[in-house]
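Please look over the model shown here before reading on. The report deals with charged side-chain pairs, with positions annotated in a sequence record, and with the setting of a few individual residues.

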Amino acid sequence: MEEKNKLKVQICKLSGNEDISLPTKMSDLAAGFDLYAANRQPIELAPGKRVLVPTGFSIALPIHYEAQIRPRSGLALKKGITCINSPGTIDADYRGEVGVILINHGEDTFIIQRGERIAQMVIQHVPEVEWETVDILPDTERGAGGFGHTGI
């Protein structure tokens, strides 16, 4: 990718987390950056429980951008570990530590180790929106058909 097409995002590794990797793309064409757990001690995440896991960094996103925190598909499939508020949103004006809310939908207690990959982060453009109030919306083929209207 040409340098001019890269979005510059400031990132700050928080004190005491020098050993934790910064968000990392695991392949050249990956959309998401893997995030790493920065917990001081192992966290036992029992089935049905949730926990906020620190990542050891904070970011300054440009205006009109957000970071979405999403589950890692391997953890979800193999262990039943996912993000409970998926995708979680980090707004452009947030400057605190990025945290990941994990929940255990699996059958066994899952141990979160320091430095383990726990989620992924995708940076997205957020357009500026101006609401236009109208009395009637234009018709579409779908219309007001809601959840499951086309079948399961």
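The paragraphs below take up the salt bridges, then the annotated positions, and then one further residue.

The model is predicted, and the structure holds 3 salt bridges. Side chains of opposite charge can pair when their charged atoms come close. The pairs are listed with their N to O distances.

| Salt bridge | Closest N to O distance |
|---|---|
| R114 and D19 | 2.8 Å |
| D34 and R72 | 3.9 Å |
| R117 and D34 | 2.6 Å |

D34, R72 and R117 are linked in a network of salt bridges. D34 lies in strand 2 and R72 in the loop between strand 6 (65–70) and helix 1, so that this pair ties together parts of the chain that are 38 residues apart in sequence. R117, which meets D34 in a salt bridge of 2.6 Å, belongs to strand 11, and the R117 and D34 pair links parts of the chain that are 83 residues apart. Both D34 and R72 are buried, the relative accessibility of D34 being 6%, whereas R117 is partly exposed, with a relative accessible area of 28%.

R114 forms its salt bridge with D19, and this pair too links distant parts of the chain, with R114 in the loop between strand 10 (110–112) and strand 11 (117–125) and D19 in the loop between strand 1 and strand 2 (33–36), 95 residues apart. D19 is exposed because its relative accessible area is 52%, a value over the 50% cut-off, while R114, at 25%, is partly exposed.

The UniProt record, an unreviewed entry, places the feature "binding site" at R72, S73, G74, N85, T89, I90 and D91. These positions are spread over 20 residues of sequence and are also spread in space, up to 26.4 Å between C-alpha atoms. Among them, G74 is found in helix 1 (residues 73–79) and is partly exposed at 26% relative accessibility. T89, in strand 8 (residues 88–90), is likewise partly exposed, with a relative accessible area of 47%. Not counting residues up to four places away in sequence, T89 touches E66 and A67, and a polar contact of 3.2 Å joins the side chains of T89 and E66.

Q10 lies in strand 1 (residues 10–13) and is exposed, with a relative accessible area of 61%. Leaving aside neighbours within four places in sequence, Q10 is in contact with S58, I59 and A60. From Q10 to N85 the separation is 75 residues in sequence and 24 Å in space, C-alpha to C-alpha.

Terms used
Residues are numbered from 1 along each chain as its sequence is written. This is a predicted model: local features need pLDDT of at least 70, side-chain atom pairs count only at pLDDT 80 or more; totals for chains, interfaces and linings use all residues. Side-chain values use heavy atoms; hydrogens and water are left out. Helices (H or I, at least four residues) and strands (E, at least two) are DSSP runs, numbered from the N terminus. Buried means under 20% relative accessible area, exposed over 50%, partly exposed in between (1.4 Å probe, protein chains only). Contact means heavy atoms within 4.5 Å. UniProt positions are given in the numbering used here, feature names are shortened, and annotations may be inferred rather than shown by experiment. A polar contact is a pair of N or O atoms within 3.5 Å; within protein, one must be able to donate a hydrogen and the other to accept it, and residues adjacent in sequence count only if both atoms are side-chain atoms. A salt bridge is a side-chain nitrogen of Lys or Arg within 4 Å of a carboxyl oxygen of Asp or Glu.
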